[in-house]
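Thank you all for coming. Please take a moment with the sequence and the structure before I start to walk through them.

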Amino acid sequence: MSDLETHWLQLASPEWSEKKLSDLPGVDNVTYGIVEPGPYCAGGVPLLQAGGIADGRLRAEPQLRITTRIHEMHHRTWLSSGDVVLVVVGRFGEAAVVDREHSGWNAARSVGVVKINEAGHAHRIGQWIRFWLRTPHVREWCESRMTKAAQSTLGIRVLRQLPVPLPPRAVRERILDRLEVIDQKIAVNDRIAVTAVELADARFRDLRESGLGYAISRCGEVADIGGAVTDVSAYRVSRQLPAVAHVAPQEILQSSLPYLVGLTSRTAVDPAGLDGVPGLLVATKPGVMKVLRTMVPAVPKRGAIAVRPRTEEDGLWLLHELRTRGESLLAQDRRRQTRELSRAAFSSISVIWPDADVREDFGRVVGPLHRRAVAAMEENHVLATLAETTVHEMKAAGTRSLRS
């Protein structure tokens with residue numbers, strides 16, 4: 001038994017119980033959002049979609065707005081401060097508590113809504129549910145019960161049956177206090193990372209706007225461009241790497257910061273990256289280009305592109321060139337009709353490419369900013385693991401209490 005599990009077991013008592021999600025005190029209803037929201041309505045009611053829930057928080061800006069008529073037809077999913085929202089289509093495990101900024105929104109079909117009443121607010125039931133939903137135990141429970149269609153979907157009837165451990169209120173408060181401290185630190189680190197990237201972007205824009213006579217080169221001339229790798233194990237053996245993250249285009253497109261730090265492949269990592277120089281992974285969709293700097297060994301799945309700069313300074317310049325000019329770079333290939341850019345088409349894209357001394361000076365300035373951002377994200381990865389371990393050990397202690 002671990003020290004952490006022993007600690008939670010000391011807090012556990014015969015008063016622990018286990019209830020279905022829909023039967024928790026303070027929960028009024030468990031439902032899902034609007035199936036047919038209609039077209040975008042400028043000035044309409046904001047609609048929360050699955051993509052708007054990430055890292056335990058909600059995006060500030062809605063991806064879709066609906067008419068007032070549609071909104072009023074779906075009163076059961078009007079979001080109120082304190083409600084819990086979670087992704088139930090495609091990816092599961094992302095959940096958040098609705099704040100004042102998002103109160104009054106509605107929800108899409110891809111979002112499950114747990115309506116919390118006033119009594120639940122007083123007992124912080126929403127926060128307890130959110131932390132419980134993020135645990136590996138719950139993800140496994142839900143994934144084993146998802147329907148396997150074009151996109152895996154968790155039925156609301158199934159979700160209502162989700163077993164949730166419920167310790168006495170005093171114990172729950174102590175656990176929530178500790179978990180919320182972790183969340184607060186994660187939020188601080190997020191802000192540090194975002195600010196560091198914004199400063200690096202600003203430095204790049206200053207150089208681009210003030211630079212006269214910068215050369216024009218093609219991506220294929222300044223870096224090695226690679227396509228998808230289907231056999232990761234063979235790639236790992238050939239490169240003599242301990243583990244490789246296999247990254248899908250959607251994971252790149254959904255990333256809020258330009259780094260691959262955590263592993264999507266759930267394998268061990270080599271922080272040095274591939275060949276000692278961080279590479280880039282690029283994914284596109286019509287009008288959008290996203291790029292990640294690989295801080296772990298990584299190869300792309302079909303639809304993504306691997307970019308291998310010759311030096312770290314080259315990689316930093318190219319990262320910002322693709323970040324700030326992605327849309328205009330895509331416009332160079334006006335004949336492209338597919339959803340993603342091909343390796344050959346990407347290689348032919350023209351980029352601004354100053355002399356080596358300019359790129360090296362830029363790298364010296366922004367390199368520390370990127371390292372600080374990555375350090376904050378790596379710390380968040382550790383903190384998220386700590387939070388998951390805390391809830392897992394709490395669950396184990398509660399289970400022992402229920403059996404005693």
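What share of the residues of the chain count as buried? Of the 404 residues, 49% count as buried, and I should say at once that we are looking at a predicted model. The secondary structure comes to 13 helices and 20 strands. Among contacts between residues at least 6 apart in sequence, 79% join residues at least 24 apart.

Let me turn to confidence before going into detail. The mean pLDDT of the chain is 82, with 81% of the residues at 70 or more. Over residues 4-12 the pLDDT is below 50, although this stretch has 24 contacts in the model beyond near neighbours in sequence. Residues 263-275 also have a pLDDT below 50, and for that stretch the model shows 33 contacts beyond near neighbours in sequence.

Now to the interior. The largest nonpolar core has 37 residues, and those that touch the most other members are Leu-21, Val-114, Ile-129, Leu-133, Leu-159 and Leu-162. Taking Leu-159 as an example, and leaving aside its neighbours within four places in sequence, we find that Leu-159 is in contact with Leu-21, Val-30, Leu-86, Val-88 and Leu-154. Apart from this core lies another, of 27 residues, which includes Ala-200, Val-222, Leu-318 and Ile-349.

Two of the residues just named, Ile-129 and Leu-133, bring us to helix 4, where both are buried. Helix 4 spans residues 125-133 and is mostly covered, with eight of its nine residues buried. Among the buried ones are also Trp-128, Arg-130, Phe-131 and Trp-132.

Just ahead of this helix sits Arg-124, in the loop between helix 3 (118-122) and helix 4. Its phi is near 55 degrees, which is a positive value in a residue other than glycine. Is Arg-124 buried or exposed? Arg-124 has a relative accessible area of 14%, and because the cut-off for buried is under 20%, Arg-124 counts as buried.

Helix 4 comes up again at the second largest pocket, which has a volume of about 290 Å³. Of the 13 residues that line this pocket, the closest to its centre are Gly-56, Arg-57, Arg-130, Asp-183 and Gln-184. The elements that give two or more residues to the lining are strand 5 (57-58), strand 8 (95-97), helix 4 and helix 7 (169-210). Which of the elements gives the most to this lining? That is helix 7, with four residues.

My last stop is a sheet and a cavity that have a residue in common. Three strands form an open sheet in the order 6-3-9, with mixed pairing, and its edge strands, each pairing on one side only, are strand 6 (64-66) and strand 9 (106-107). Strand 3, residues 45-48, pairs with strand 6 in the antiparallel sense over three bridges, and Leu-47 has Leu-64 of strand 6 as its bridge partner. Leu-47 also appears in the lining of the largest cavity, together with Leu-48, Gln-49, Gly-52, Arg-59, Glu-61, Pro-62, Gln-63 and Trp-105. That cavity has a volume of about 60 Å³, and the count of cavities of 30 Å³ or more comes to one.

I will stop there, and I am happy to go back to any part of the model.

Technical notes
Residues are numbered from 1 along each chain as its sequence is written. This is a predicted model: local features need pLDDT of at least 70, side-chain atom pairs count only at pLDDT 80 or more; totals for chains, interfaces and linings use all residues. Side-chain values use heavy atoms; hydrogens and water are left out. A nonpolar core is a set of buried Ala, Val, Leu, Ile, Met, Phe, Trp, Tyr and Cys residues joined through side-chain atoms within 4.5 Å. Buried means under 20% relative accessible area, exposed over 50%, partly exposed in between (1.4 Å probe, protein chains only). Contact means heavy atoms within 4.5 Å. pLDDT is the predictor's confidence in each residue, from 0 to 100. Two strands pair if DSSP finds at least two bridges between them. On a 1 Å grid over the protein atoms alone, a cavity is a set of points where a 1.4 Å probe fits but cannot get out, and a pocket is an open set with protein on both sides within 12 Å along at least five of seven lines; lining residues have an atom within 4 Å of a point. Grid points are joined across faces, edges and corners, and a volume is the space filled by probe spheres set on the points.
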